[in-house]
Amino acid sequence: MKICRFIEPQTGRARVGLLEGALVYSVPPDTPPENYQHAAHERPLALDVLRLLPPVVPSKIVCVGRNYREHAAELGNPMPAEPLLFLKPPSSIIGHGDSIELPRISERVEHEGELAVVIGRRARRIGAGVDPLSYVLGYTCLNDVTARDLQRRDVQFTRGKSFDTFCPVGPFVVGGLDPLDLYLETRVNGEVRQKARTSALAFNVPLLLRYISNIMTLEPGDIIATGTPAGVGPLLPGDVVEVEVEGVGTLLNKVSAEP
Ligand code: MG
């Protein structure tokens with residue numbers, strides 16, 4: 001199942017759609033994610049004429065820091081013994097094709113391409129004997145854009161991670177993938193800057209789902225950003241940054257200075 005959100009041309013309203021080839025079938029409003037597949041679909045629209053929105057509207061974005069050994073090392077950090085969690089606000093989300101705006105108060109904003117997990121049904125305290133992946137709607141690409149200088153200056157990650165436009169997500173949410181071994185690549189102006197397989201994650205997706213759901217209830221649409229591999233680097237005005245996840249597609253965003 002491949003899910004998108006888009007602006008309905010006739011009404012201007014945001015809709016959820018299921019993608020089949022180049023066609024998008026609208027899902028009736030207020031359909032819970034777990035029923036998308038079986039919801040009655042309207043006449044399809046052509047994908048290439050639609051304006052895409054971020055594919056989900058999360059109540060929170062839970063991020064994992066230092067989850068690839070080489071990335072922890074490149075920033076001079078030790079690997080954590082347990083998943084290192086922080087949050088990004090939903091107000092930081094933008095979609096495929098939108099612009100990342102570099103805030104004036106930062107002198108170094110960096111890309112962090114990541115595999116993102118999207119929750120399909122409420123998950124609270126996932127126990128042993130339950131498959132954590134049964135709570136997953138699908139997977140998408142995410143760029144955990146970071147003002148590195150501000151992150152280093154502050155004790156908390158909040159400021160450096162939370163500017164508007166600092167969470168590009170999309171273009172689609174794709175179900176049925178094996179999150180234990182997906183190829184992930186980040187390019188800036190076509191040049192590969194980060195690449196890894198998710199098999200290199202120190203804390204894998206099932207472990208993260210169980211761990212996080214024992215701290216906070218995960219709601220449908222919530223996002224878990226699983227961490228970035230080595231190769232993070234600066235973004236400059238005019239750059240084009242792409243995050244590609246095997247089986248999902250490519251999330252593309254331009255970079256501009258704060259207006
Ligand atoms: Mg990150």
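**Strand E11 and valine 117.** Strands (E) are DSSP runs of at least two residues, numbered from the N terminus. Valine 117 is found in one of these runs, strand E11. The model shown in every view is predicted.

**The whole chain combines four helices with 20 strands.** Its radius of gyration is 18 Å, close to the 18 Å that the globule rule gives for 259 residues, so the chain is as compact as a globular protein of that length. Along the principal axes, the C-alpha atoms fill a box of roughly 55 × 50 × 25 Å. Of the 259 residues, 52% are buried. The chain exposes about 11500 Å². Carbon and sulfur atoms supply 51% of that area. Many contacts span long stretches of sequence: among those between residues at least 6 apart, 71% join residues at least 24 apart.

**Strand E11 is mostly covered and spans residues 113-119.** Seven of its seven residues are buried. In a regular strand the side chains alternate between the two faces of the sheet. Gly113, Leu115, Val117 and Ile119 point one way from E11. Glu114, Ala116 and Val118 point the other way. Both sets are buried.

**Strand E11 pairs with strand E12 and with strand E17.** Strand E12 covers residues 136-143 and runs antiparallel to E11, with seven bridges between the two. Within this pairing, glutamate 114 stands opposite leucine 142 of E12. Strand E17 covers residues 223-225. E17 is also antiparallel to E11, and three bridges link the two. Here valine 117 has isoleucine 224 of E17 as its bridge partner.

**Valine 117 is a buried residue of E11.** Its relative accessibility is 1%, and buried means under 20%, so valine 117 counts as buried. What does valine 117 touch, leaving out residues up to four places away in sequence? Its contacts include Val136, Gly138 and Tyr139. Asp222, Ile223, Ile224 and Thr226 are also among them. Val205 and Leu209 complete the list. The C-alpha atoms of valine 117 and tyrosine 139 are separated by 4.8 Å, although the two residues lie 22 apart along the chain.

**Asparagine 67 sits in the loop between strand E6 and helix H1.** E6 covers residues 61-65, and H1 covers 69-74. Is asparagine 67 buried or exposed? Its relative accessible area is 0%, under the 20% cut-off, so asparagine 67 is buried. The side chain of asparagine 67 reaches the backbone oxygen of threonine 226 at 2.9 Å. Not counting residues up to four places away in sequence, asparagine 67 touches Met79, Leu208, Thr226 and Gly227, among others. Ala200, Leu201, Ala202 and Phe203 are also in contact with asparagine 67. Thr226 appears in the contacts of valine 117 as well.

**Three strands form an open sheet in the order E13-E10-E18.** The pairing is antiparallel. Strand E13 (146-147) and strand E18 (233-234) are the edge strands, each pairing on one side only. Strand E10, residues 109-111, is joined to E13 by two bridges. E10 and E13 run antiparallel. Glutamate 110 has threonine 146 of E13 as its bridge partner.

**A five-stranded open sheet has the order E9-E20-E19-E15-E16 and mixed pairing.** Its edge strands are E9 (99-102) and E16 (191-197), each pairing on one side only. From one strand to the next, the twist averages 20 degrees. Strand E15 (residues 183-188) and strand E19 (residues 240-245) run antiparallel. Five bridges join E15 to E19. Threonine 186 has valine 243 of E19 as its bridge partner.

**Edge strand E9 has alternating side chains.** Ile100 and Leu102 point to one face and are buried. Ser99 and Glu101 point to the other face and are not buried. Four bridges join E9 to strand E20, residues 249-257. E9 and E20 run parallel. Serine 99 stands opposite lysine 254 of E20.

Terms used
Residues numbered from 1 in each chain as written. Predicted model: local features only at pLDDT ≥ 70, side-chain atom pairs only at ≥ 80, totals over all residues. Heavy atoms only, no water. Pairing = 2+ DSSP bridges. Buried < 20%, exposed > 50% of the residue type's maximum accessible area, 1.4 Å probe, protein only. Axes fitted to C-alpha atoms, helices over the stretch in contact; angles between N-to-C directions. Polar contact = N/O pair within 3.5 Å; in protein donor to acceptor, adjacent residues only side chain to side chain. Contact = heavy atoms within 4.5 Å. Rg over C-alpha atoms; globule rule 2.2 N^0.38 Å. Areas by Shrake-Rupley, 256 points an atom, 1.4 Å probe, with all protein chains shown as cover.
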